[in-house]
Amino acid sequence: MLPAYVPNSAAALFGGGRPIDLGRTFSDGRRIFGDGKTYRGFFGGVLSGVLVGLIEIWAAAAFSLGALPQQTFLSITLLATGALLGDLAKSFLKRRLGKERGESWFLADQYDLVVGSFLLILIFDPQWLSNITLPIAVWILVMTPLLHRVANIIGYCIGVKEVPW
């Protein structure tokens, strides 16, 4: 899951600049995504996830780490891109529900990256999902919110996130 976990934090580091929605509003009068979703953050996040995935592929081969899920360039690209597309979809829904930028949305904030990355994998590389055994699925369910919280606290402390959640 590293290629899916890294992009959100990296997007916060690389963020800023032109928002993806270009300041436009939806038919309800609210912003489509908001100022927090930028082109720089999106592409910087995806590239960071892909880079981490490439390192994972290299390490698995170099150190005979057969226990790791077998990644391919396609799978890491889908995981990284899907994580940020899931975040964008969540932001779209948050705006529709009247939630402001940075406002906490329990569970959606933690699992948007998992849903987005697995949805892209399911569409474009479904055989990769055979890597997700029951112990790995439990690990993802338990560790995702913990890692999300730790990453957000660190981002808040170093000044790249406005809120620690």
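Trainee: Is Leu22 buried, partly exposed or exposed, and what is its relative accessibility?

Mentor: In this predicted model, Leu22 has a relative accessibility of 40%, so it counts as partly exposed, since that class lies between the 20% and 50% limits.

Trainee: Where does Leu22 sit, and what is its phi?

Mentor: Leu22 belongs to the loop between H1 and H2, and its phi is positive, about 55°, although the residue is not a glycine. As background, most residues other than glycine have a negative phi.

Trainee: Which residue in the loop between H2 and H3 should I look at next?

Mentor: Look at Ser64, which lies in that loop between H2 and H3 and has a phi near 50°, again a positive value in a residue other than glycine. Ser64 is exposed, with a relative accessible area of 64%.

Trainee: Back to the loop between H1 and H2: what about Gly15 there?

Mentor: Gly15 lies in the loop between H1 and helix H2, the latter covering residues 39-62, and at 25% relative accessibility Gly15 counts as partly exposed.

Trainee: Which residues does Gly15 touch, leaving aside its neighbours within four places in sequence?

Mentor: With those neighbours left aside, Gly15 is in contact with Thr38, Arg40 and Gly41. As for Ile140, which is 125 residues away from Gly15 along the chain, the two C-alpha atoms are separated by 26 Å.

Trainee: Changing topic, how many helices and strands are there in the chain?

Mentor: The chain has five helices and zero strands, and from the N terminus on its elements run α-α-α-α-α. The radius of gyration is 16 Å, close to the 15 Å that the globule rule gives for 165 residues, so the chain is as compact as a globular protein of that length.

Trainee: What does the C-alpha trace span along its principal axes?

Mentor: Along those axes the trace spans about 50 × 35 × 25 Å. Of the 165 residues in the chain, 38% are buried, and among contacts between residues at least 6 apart in sequence, 65% join residues at least 24 apart.

Trainee: And the accessible surface, what does it come to?

Mentor: The accessible surface of the chain comes to about 9200 Å², and 71% of it belongs to carbon and sulfur atoms. On the charge side, there are 14 positive and 11 negative charges, whose mean positions are 5 Å apart.

Trainee: Let's take a single helix. How many residues has H4, and how far does it reach?

Mentor: Helix H4, residues 108-124, has 17 residues and reaches 23 Å from its first C-alpha to its last, which is close to the 24 Å expected at 1.5 Å a residue.

Trainee: Which residues of H4 are buried, and what do they pack against?

Mentor: The buried residues in H4 are Asp109, Gln110, Tyr111, Asp112, Leu113, Val114, Gly116, Ser117, Leu120 and Ile121. The buried residues of H4 pack against helix H1 (2-14), helix H3 (73-96) and helix H5 (134-157).

Trainee: One last residue: where is Glu100, and is it buried or exposed?

Mentor: Glu100 lies in the loop between H3 and H4, and with a relative accessible area of 54% it is exposed, because the cut-off for that class is over 50%.

Trainee: What does Glu100 touch, not counting residues up to four places away in sequence?

Mentor: On that count, Glu100 touches Lys94 and Arg95. The C-alpha atoms of Glu100 and Arg30, which are 70 residues apart along the chain, are separated by 10.0 Å.

Methods:
Residues are numbered from 1 along each chain as its sequence is written. This is a predicted model: local features need pLDDT of at least 70, side-chain atom pairs count only at pLDDT 80 or more; totals for chains, interfaces and linings use all residues. Side-chain values use heavy atoms; hydrogens and water are left out. Helices (H or I, at least four residues) and strands (E, at least two) are DSSP runs, numbered from the N terminus. The expected span of a helix is 1.5 Å times one less than its number of residues. Buried means under 20% relative accessible area, exposed over 50%, partly exposed in between (1.4 Å probe, protein chains only). Contact means heavy atoms within 4.5 Å. The radius of gyration is taken over C-alpha atoms; the globule rule is 2.2 Å times the number of residues to the power 0.38. Accessible areas come from the Shrake-Rupley method with a 1.4 Å probe; for residues, only the protein chains shown count as cover. Lys and Arg count as positive and Asp and Glu as negative; His and the chain ends are not counted. The place of a charge is taken as NZ of Lys, CZ of Arg, CG of Asp or CD of Glu.
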